[in-house]
Amino acid sequence: MAANVESMFYVREKPWHGLGTMVAKAPDSAAALRLAGLDWNVIQKDIMTVGGSTAIPGFKANVRDIDGSVLGIVSEKYKVVQNMEAFSFTDELLGEGVRYETAGSLQGGRRTWILARLPRQYIINGDEISPYLVFMNAHDGSGAIKAAMTPVRVVCQNTLNLALSTAKRSWSFNHTGDISGKLDEARDTLLYARRYMSELGKAFRKLDMIRLSDNKVEDLISALIPDADGGSTQQRRNIQKMREDMKARYYDAPDLADVGKNGYRFLNAVSDFATHAKPLRERANYRESLFARTVDGNPLVDRAYQMVMAA
């Protein structure tokens with residue numbers, strides 16, 4: 001096995017998502033938002049016809065107050081939830097030892113987020129797992145307010161946020177209806193987190209018991225990164241390169257040297273690939289897309305989990 005195929009797993013960039021402003025010393029969400037430059041508000045303005053004589057009914061423009069940027073066009077039923085309001089309920093969690101680590105905005109302020117690290121560390125299969133909570137707010141009408149669990153394997157910064165049928169990983173609500181009541185519901189997030197980590201531990205232990213032969217690993221990788229029907233020579237080379245990359249992360253990663261050849265090792269290799277591998281063609285919004293997939297759940301990691309459990 002060629003150990004020099006991909007060396008990215010030897011050094012981890014922190015924070016794991018590579019985005020935002022460090023706010024680890026922020027005592028509350030207000031301070032975190034200020035440090036991250038998110039202490040602004042959204043105001044709604046009428047959308048006027050050319051000439052400004054008539055307002056277009058049924059719609060409003062969400063505008064950032066500090067610079068007049070239009071963040072989105074929304075229906076008149078849309079309720080603005082300010083950054084301060086969306087994230088303030090997390091301050092109650094700080095009493096439990098939660099601390100803020102990073103915060104930032106995406107797409108020119110259309111989406112804002114804050115990341116908190118939960119106080120409890122979990123030792124699962126001999127690995128230290130740190131649970132994070134990501135809270136996101138959208139001002140462009142395209143998404144809901146969301147809170148999502150993102151467990152991270154400390155030694156390598158792999159994200160291990162599996163979609164489990166036995167526990168809820170994320171929670172969200174739309175910008176309509178009774179916003180205050182929905183924010184009250186968000187205070188149950190920490191309870192969801194505890195249950196999710198408990199069920200995640202059970203899943204990891206099951207994966208650890210599933211032994212994988214080298215041939216099986218090859219088959220799984222080929223299924224996860226399939227051949228492109230009618231693909232060009234360059235496409236076939238790219239597919240083979242990605243397969244070799246994932247294979248190297250399974251066999252050569254130093255943090256997996258003492259892990260047996262089993263489903264847990266394979267899942268970490270796939271997560272390593274999904275979290276840290278640079279795309280063959282890196283676009284300007286690559287990290288934003290990776291962050292969004294991490295919050296929403298990565299289909300590649302979920303598929304790998306389902307395939308191994310069915311092996």
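**A tour from the nonpolar patch to strand β6**

Select Val 70 to begin: this residue is partly exposed, with a relative accessible area of 46% (buried means under 20%, exposed over 50%, partly exposed in between; 1.4 Å probe, protein chains only). The model is predicted, with local features requiring pLDDT of at least 70 and side-chain atom pairs pLDDT 80 or more, while totals for chains, interfaces and linings use all residues. Residues are numbered from 1 along each chain as its sequence is written, and side-chain values use heavy atoms, without hydrogens and water.

Val 70 lies in strand β4 (strands are DSSP runs of E, at least two residues, numbered from the N terminus). Add Ile 56, Phe 59 and Ile 73 to the selection; with Val 70 they make a nonpolar surface patch of about 350 Å². Such a patch joins nonpolar side chains within 5 Å, from residues with over 30% relative accessible area and no salt bridge (a Lys or Arg side-chain nitrogen within 4 Å of an Asp or Glu carboxyl oxygen). Both β3 (55–64) and β4 (70–75) give two or more residues to this patch.

Next, select strand β6 (residues 111–117). Here 6 of the 7 residues are buried, so the strand is largely enclosed by the rest of the structure.

Now display the partners of β6. Strand β5 (residues 99–106) runs antiparallel to β6 and is joined to it by 7 bridges (pairing requires at least two DSSP bridges). Ala 103 has Ile 114 of β6 as its bridge partner. In the hairpin of β5 and β6, 4 residues lie between the strands, and Gln 107 in the turn has a positive phi of about 55°.

Finally, select strand β8 (residues 127–138), which is antiparallel to β6 and joined to it by 7 bridges. Tyr 132 in β8 is the bridge partner of Arg 117.

Note on methods: Patch = residues over 30% accessible without salt bridge, like charges linked within 9 Å, V, L, I, M, F, W, Y side chains within 5 Å. Areas by Shrake-Rupley, 256 points an atom, 1.4 Å probe, with all protein chains shown as cover.
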